[in-house]
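Reader: Please take me through one part of this model in detail. I would like the ligand site, and then a word on the cysteines.

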Amino acid sequence: MAGESELIFYHTPPSRSGIVRWMLEEIGCPYEVRLVGKGATREPAYIAVNPMGKVPAIVHQGVVITEAAAICCYLADTFADAGLAVPVGDARRGPYLKWLFFGPSCFEPAVIDRMCERPAAPPAALGWGDLDTVLDVMAAALEPGPYLLGERFTAADVVIGSGIRWAMMTGNLPERPQFAAYAERLAERPALKRAMELDRPLMGSGTAG
Ligand SMILES: N[C@@H](CCC(=O)N[C@@H](CS)C(=O)NCC(=O)O)C(=O)O
């Protein structure tokens, strides 16, 4: 029943909250979806949840968490049995966190620069560098595969993989064989298929939560 769930998910399909939908399906924990209609992100009821006026947000055990990559990191750590986090103490935790941060802080702004044809800023002033460098770094990491950290699929793949899928779907990702192969592998994941299936009837039907 609304309000009693331990994990509440604020969602507007299709949008960046799809990243968290996929993550939740990978984790396999029960959650309650609250649809937020386009535009309703700026209404007081939702601003009270996320003052940034953006989805996704989750509430877990009464605490609000926003920012898709942070939510994925939190869920992977909290529901550790799902095996999607690299734990503290494992040397691969560093690269794992690097990729979780790389998604929103390097990959996404570099793609949006290109997409919006934003005028180039002095390279040294840009925290995210330029798209070609970002893509070179990602392609090199994916070359051995099958996932960013090798054999093991992690929350970082949900974040970076979602970005790659979105950029490919919107025609904003220069073609590279590493990205095509990675996207094909991700598309086979049952959790991603389930997330897309669950969202299909909800597209565009969000109402303020
Ligand atoms: N930095 C945020 C960005 C979230 C975001 O941009 N969400 C968009 C949907 S893709 C949104 O809620 N837009 C509604 C609005 O700006 O009114 C994250 O990564 O979670």
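Author: What follows covers the ligand site, then the cysteines. Keep in mind that this is a predicted model.

Start with the surroundings. Which residues are around the ligand? The list runs in sequence order: Ser15 and Arg16, then Thr41 and Arg42. Next come Gly53, Lys54, Val55 and Pro56. Glu67 and Ala68 complete the shell. Sorted by class, four of these residues are charged, three are polar and three are nonpolar. As for location, the ligand takes up the space of the largest pocket.

Now the polar contacts. Thr41 uses its side chain: an N or O atom there is 2.9 Å from an oxygen atom of the ligand. Val55 uses its backbone instead, with a polar atom 2.8 Å from a ligand oxygen. Ala68 also contributes through the backbone, where an N or O atom lies 2.9 Å from an oxygen atom of the ligand. How much of the ligand does the protein bury? On its own, the ligand exposes 510 Å². The protein buries 74% of that area.

On to the cysteines. How many disulfides does the model have? The count is zero. Take Cys29. Its nearest cysteine sulfur belongs to Cys72 and is 12 Å away, and Cys29 is in no disulfide. Is Cys29 buried or exposed? Its relative accessibility is 9%, so Cys29 counts as buried.

Cys106 comes next. Why does Cys106 form no bond with the closest cysteine sulfur? That sulfur is in Cys73, and the distance is 16 Å, which is too far for a bond. A disulfide would need the two sulfur atoms within 2.5 Å. Cys106 has a relative accessible area of 14%, so this residue is buried.

To recap the site: Thr41 reaches the ligand through its side chain, whereas Val55 and Ala68 do so through backbone atoms.

Terms used:
Residues are numbered from 1 along each chain as its sequence is written. This is a predicted model: local features need pLDDT of at least 70, side-chain atom pairs count only at pLDDT 80 or more; totals for chains, interfaces and linings use all residues. Side-chain values use heavy atoms; hydrogens and water are left out. A residue is near a molecule or strand if one of its heavy atoms lies within 4 Å of it. A polar contact is a pair of N or O atoms within 3.5 Å; within protein, one must be able to donate a hydrogen and the other to accept it, and residues adjacent in sequence count only if both atoms are side-chain atoms. Accessible areas come from the Shrake-Rupley method with a 1.4 Å probe; for residues, only the protein chains shown count as cover. On a 1 Å grid over the protein atoms alone, a cavity is a set of points where a 1.4 Å probe fits but cannot get out, and a pocket is an open set with protein on both sides within 12 Å along at least five of seven lines; lining residues have an atom within 4 Å of a point. A molecule sits in a cavity or pocket if more than half of its atoms lie within 2 Å of its grid points. Ala, Val, Leu, Ile, Met, Phe, Trp, Tyr, Cys and Pro count as nonpolar, Asp, Glu, Lys and Arg as charged, and the others, Gly among them, as polar. Buried means under 20% relative accessible area, exposed over 50%, partly exposed in between (1.4 Å probe, protein chains only).
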